[in-house]
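Me: I have a structure to read and do not know where to start. Can we go through a few features one at a time?

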Amino acid sequence: MAVASCPERTRIAPPREAIHVIPILMYHSIAEQSEPYLRRWTVTPDAFLEHVTAMVESRRTPLTITQLAEALRGARPLPARPMAITFDDGYRDTIAAASMLAGCEIASTTYITTGFLDRAGMLTTADVGELSSCGPLIEVGAHGISHRRMDELADDELRAEASGSRSVLEEIAQARTLSFAYPHGSHDHRSVAAVRDAGYTSAVAVKNALSHSGDDVFALARVTIEAHTSTATVRAALDGTLRMAPRGELWRTRGYRQLRRWRRAARSRSS
Ligand SMILES: [Zn+2]
């Protein structure tokens, strides 16, 4: 993507809001065009620049997810108006997007599916080494090996996805990988335990809601930014006026998981 210069900071009074609202935005690819399967998740560079302008104007304090989790645990002060930006999967254009954010002093966390490394359109091993050495404004986290839904995996597969992706990234970066993103946001108590046991200190889910200071550091809520998400919606997230994530799971999340399990069982009976 063409890397635009950082939008000029304008003097805008921050909106009044409760200090415990924490917008965590989830991006995938930032590109002019993409493969059909990825179009829904691809934000154009022009739209992204508008979003970055909104981030700058929000007067929020950007944190990596690991920094945010530390603050939520009380290990560091939680800024009055925190926010976090994340990129999932490890598309090659993430480098330009994360670099642009860093140029605006906006921290971000990129979650990499290690089994996708070096594929067409995806980050290479060398790219991950570069991202990992960019300094404190760019964090690299793990997104599993195969991008399968964690709540559909057997215990040994769960351990392999959580630990395996961590070891690959740590070998490349020669540094600890502390944060995990559940592929598709799907997680249950077994996947949370596997991620925790693998040595991560935080994990992000989806929930399409604002995170908050009482959120679970192993299932932080994120707001999905899609191709057609308007800048007004991004501003609403940053203003803290979208809905906040509920404590615990929504009934429809549990219902959807059960539906997937029934379908899987039916498939295995018929095969
Ligand atoms: Zn993903």
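**Reading loops, a helix and a core**

Reply: His184 sits in the loop between β9 (179–181) and α6 (189–197). Keep in mind that this is a predicted model.

Me: What is the phi of His184?

Reply: His184 is not a glycine, yet its phi is positive, about 60°.

Me: Why does His184 count as partly exposed?

Reply: Burial is read by counting C-beta atoms within 10 Å: 20 or more means buried, 12 or fewer means exposed, and partly exposed lies in between. His184 counts as partly exposed because it has 17 C-beta neighbours inside 10 Å.

Me: Where is Asp118 found, and is it buried or exposed?

Reply: Asp118 belongs to the loop between β7 (108–112) and α4 (125–132). Asp118 has 11 C-beta neighbours inside 10 Å, so it counts as exposed. Its phi is near 70°, a positive value in a residue other than glycine.

Me: Which residues of helix α2 are buried?

Reply: In α2 (residues 65–73), the buried ones are Ile65, Thr66, Gln67, Leu68, Ala69 and Leu72. After α2 comes Gly74, with a positive phi near 90°.

Me: Which residues touch the most other members of the largest nonpolar core?

Reply: A nonpolar core joins buried residues of certain kinds through their C-beta atoms. The largest one here has 71 residues, and those touching the most other members are Ile24, Leu25, Val195, Ala203, Leu210, Leu220 and Val223. Helix α1 (residues 45–57) gives this core its largest share, six residues.

Me: What does Leu220 touch?

Reply: Leaving aside residues up to four places away in sequence, Leu220 touches Ile24, Ile65, Ser202, Val204, Ala205, Ser211 and Asp215.

How values were computed:
Residues numbered from 1 in each chain as written. Predicted model: local features only at pLDDT ≥ 70, side-chain atom pairs only at ≥ 80, totals over all residues. Core = buried A, V, L, I, M, F, W, Y, C linked by C-beta atoms within 7 Å. Helix = DSSP H or I, 4+ residues; strand = E, 2+ residues; numbered from the N terminus. Contact = placed C-beta atoms within 7 Å.
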